[in-house]
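Please look through the sequence and the fold shown here, turning to the packing of the interior before the pockets.

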Amino acid sequence: MTLLQDTPAISDITPAQRAERLSAAGAAWNERIAADAGNARLTYRVTGHGVGSVGTEIRAGKHRFLVDEPAALAGDDAAASPVEYALGALVSCQVVVFRLYAQALGLTIDDISITAEGDLDVRKLFGIDESGRAGFHDVRVRVDVTGPHTAEEYEKLRAVVEEHCPVLDLFANPVPTSGALA
């Protein structure tokens with residue numbers, strides 16, 4: 001990710017610290033939602049401003065980052081492309097949900113690495129052929145987990161993650177989306 005400002009690095013934490021954070025977050029959300037079911041609904045807001053040839057400066061809360069395209073797609077290749085960020089969002093969400101549910105199920109993850117690959121046909125993007133999809137027509141996610149448990153236990157964890165990962169849900173299911181000129 002190309003950052004537009006200095007941001008603090010994510011620090012290494014011990015497995016015990018991670019477990020404490022995950023447990024505390026789960027307990028806090030359970031308490032908030034038990035008090036008022038409306039607390040379960042979150043709204044995220046991200047804004048973007050066009051820069052360069054086809055780049056975008058994104059603002060998400062206090063964070064700012066750049067999105068661009070490679071030269072072959074009219075960009076300056078100053079940052080990852082929108083579809084690479086989409087795959088990155090999928091990968092990072094999977095990491096979060098793997099850690100969350102490993103903690104909830106009493107499983108240890110010593111290390112986790114996830115790779116997502118997506119196949120995209122640019123014919124619709126460029127108006128060459130309107131019959132296909134503009135987005136990915138196939139996405140493959142590979143998860144490498146190490147830890148003391150059996151492959152079967154980690155496979156069960158993977159199935160739970162697939163049921164609960166918000167970004168995977170975005171990829172797998174249609175989401176009502178509306179657009180308008182301001």
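**Core and pockets**

Leaving aside neighbours within four places in sequence, Ile109 is in contact (heavy atoms within 4.5 Å) with Phe98, Arg99, Ala102, Val145, Thr146, Tyr154 and Leu157. The model is predicted, so that local features need pLDDT of at least 70 and side-chain atom pairs count only at pLDDT 80 or more, while totals for chains, interfaces and linings use all residues. Residues are numbered from 1 along each chain as its sequence is written, and side-chain values use heavy atoms, with hydrogens and water left out.

The largest nonpolar core, a set of buried (under 20% relative accessible area, 1.4 Å probe, protein chains only) Ala, Val, Leu, Ile, Met, Phe, Trp, Tyr and Cys residues joined through side-chain atoms within 4.5 Å, has 18 residues, of which Phe98, Ile109, Leu157, Val161 and Cys165 touch the most other members. Two or more residues each come from α2 (82-105), β5 (111-120), α3 (151-164) and α4 (166-172), the helices (H or I, at least four residues) and strands (E, at least two) being DSSP runs numbered from the N terminus. The largest share of this core, six residues, belongs to α2.

A pocket is an open set of points on a 1 Å grid over the protein atoms alone, where a 1.4 Å probe fits, with protein on both sides within 12 Å along at least five of seven lines, and its lining residues have an atom within 4 Å of a point. The largest pocket is lined by 29 residues, with Leu22, Ala25, Val96, Arg99 and Leu100 nearest its centre. Helix α2 gives the largest share of this lining, ten residues.

How values were computed. Buried < 20%, exposed > 50% of the residue type's maximum accessible area, 1.4 Å probe, protein only.
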